Amino acid sequence: SQRWGNLAQRQNEWVIGFLSFAVRTSGDPAAAVPIVRQLVSGVDPNIGIDAILPMNRLVASSVARERFFTVLLVVFAAVAAALALIGIYGVLAYAVSQRTREIGVRVALGARRSQVLALVLRRGLVLTAIGVILGLGAAAAGSRLLEGMLFGITPLDARTFAVVAVVFVMVAALASYIPARRATAVDPTVALRMD
């Protein structure tokens, strides 16, 4: 009997402060607050109301953590895209500067500007393809860690993986285009005189 009495007392202690209810209003929820307080005190004057919040604030606070993680992931994705853009541009710009003489010889021997452009773009896209394949593999392996934060998609959602791959290929193509365009402007006589 003593044990059951303690259990009932503990349950009462656990429940106090956790009682909540929802009220639907047709107008402004703030206007209904005095009426709700009056109705509750009419039932039991010893009951106090800790907080009255509109549902949109409750919903927003319930998903605040997930929203923060989403914003954080978007920021990291944007930084990754910027780093990919800068990295690919840097590698290809360096490769073009190192191959200026070769490009000049190709142009002197009759290579068209479009062929030179395709040569540099191909190299950038091959590097991108390798990076995307390795990145997709790492993302597939690490996607289980994000499973609790995903809503409406599975960790291995093919559409999401495809969209991300296409975005990174487009970013890499843009980063490859500038050095490729510069390579097409190489003057063969200047390039052949370079050390």
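These legends accompany several close-up views of a predicted model.

**View 1. The whole chain is built from helices and has no strands.** The model is a prediction. It contains eight helices and zero strands. Along the sequence, the pattern reads α-α-α-α-α-α-α-α. The chain has 195 residues, and 18% of them are buried. Among contacts with a separation of 6 or more, 73% join residues 24 or more positions apart. About 14500 Å² of the chain is exposed. Carbon and sulfur atoms supply 66% of that area.

**View 2. Confidence varies along the chain, from helix H1 to helix H6.** The mean pLDDT of the chain is 77. A value of 70 or more is reached by 84% of the residues. Where is confidence lowest, and where is it highest? Helix H1 (residues 2–15) has the lowest mean, at 48. Helix H6 (residues 113–142) has the highest, at 85. Two stretches call for care in reading. Over residues 1–5, pLDDT stays under 50. The model has zero contacts beyond four places in sequence for residues 1–5. Residues 11–16 also stay under 50. For residues 11–16, too, the model shows zero contacts beyond four places in sequence.

**View 3. A nonpolar patch lies on the surface and covers about 960 Å².** Phe68, Val71, Leu72, Leu73, Val75, Phe76, Val79, Leu83, Leu145 and Leu146 make this patch. One of them, Phe68, belongs to helix H4, which spans residues 64–98.

**View 4. Threonine 128 sits in helix H6 and is buried.** Its relative accessibility is 6%. Threonine 128 counts as buried because this value is under 20%. The side chain of threonine 128 reaches back to a backbone oxygen, that of glycine 124, at 2.8 Å. Which residues does threonine 128 touch, leaving out those up to four places away in sequence? They are Ile88, Phe168, Val169 and Ala172.

**View 5. Serine 176 is a buried residue of helix H7.** Its relative accessibility is 0%. That is under 20%, so serine 176 counts as buried. Serine 176 touches Ile88, Leu92, Val120, Leu121, Gly124 and Leu125, not counting residues up to four places away in sequence. Ile88 is also touched by threonine 128.

**View 6. Alanine 180 lies in helix H7 and is buried.** Helix H7 runs over residues 158–184. Is alanine 180 buried or exposed? It is buried, because its relative accessible area of 0% is under 20%. Alanine 180 touches Leu117, Val120 and Leu121, not counting residues up to four places away in sequence. Val120 and Leu121 are also among the residues touched by serine 176. How far apart are alanine 180 and alanine 93 in sequence and in space? They are 87 residues apart in sequence and 8.2 Å apart in space, C-alpha to C-alpha.

**View 7. Serine 97 belongs to helix H4 and is partly exposed.** Its relative accessibility is 39%. This value falls between 20% and 50%, so serine 97 counts as partly exposed. Serine 97 is paired in this view with proline 179. In sequence, 82 residues separate serine 97 from proline 179. In space, their C-alpha atoms are 9.0 Å apart.

Key. Residues are numbered from 1 along each chain as its sequence is written. This is a predicted model: local features need pLDDT of at least 70, side-chain atom pairs count only at pLDDT 80 or more; totals for chains, interfaces and linings use all residues. Side-chain values use heavy atoms; hydrogens and water are left out. Patches are made of residues with over 30% relative accessible area and no salt bridge: like charges are joined within 9 Å, nonpolar side chains (Val, Leu, Ile, Met, Phe, Trp, Tyr) within 5 Å. Accessible areas come from the Shrake-Rupley method with a 1.4 Å probe; for residues, only the protein chains shown count as cover. A salt bridge is a side-chain nitrogen of Lys or Arg within 4 Å of a carboxyl oxygen of Asp or Glu. Helices (H or I, at least four residues) and strands (E, at least two) are DSSP runs, numbered from the N terminus. Buried means under 20% relative accessible area, exposed over 50%, partly exposed in between (1.4 Å probe, protein chains only). Contact means heavy atoms within 4.5 Å. pLDDT is the predictor's confidence in each residue, from 0 to 100. A polar contact is a pair of N or O atoms within 3.5 Å; within protein, one must be able to donate a hydrogen and the other to accept it, and residues adjacent in sequence count only if both atoms are side-chain atoms.
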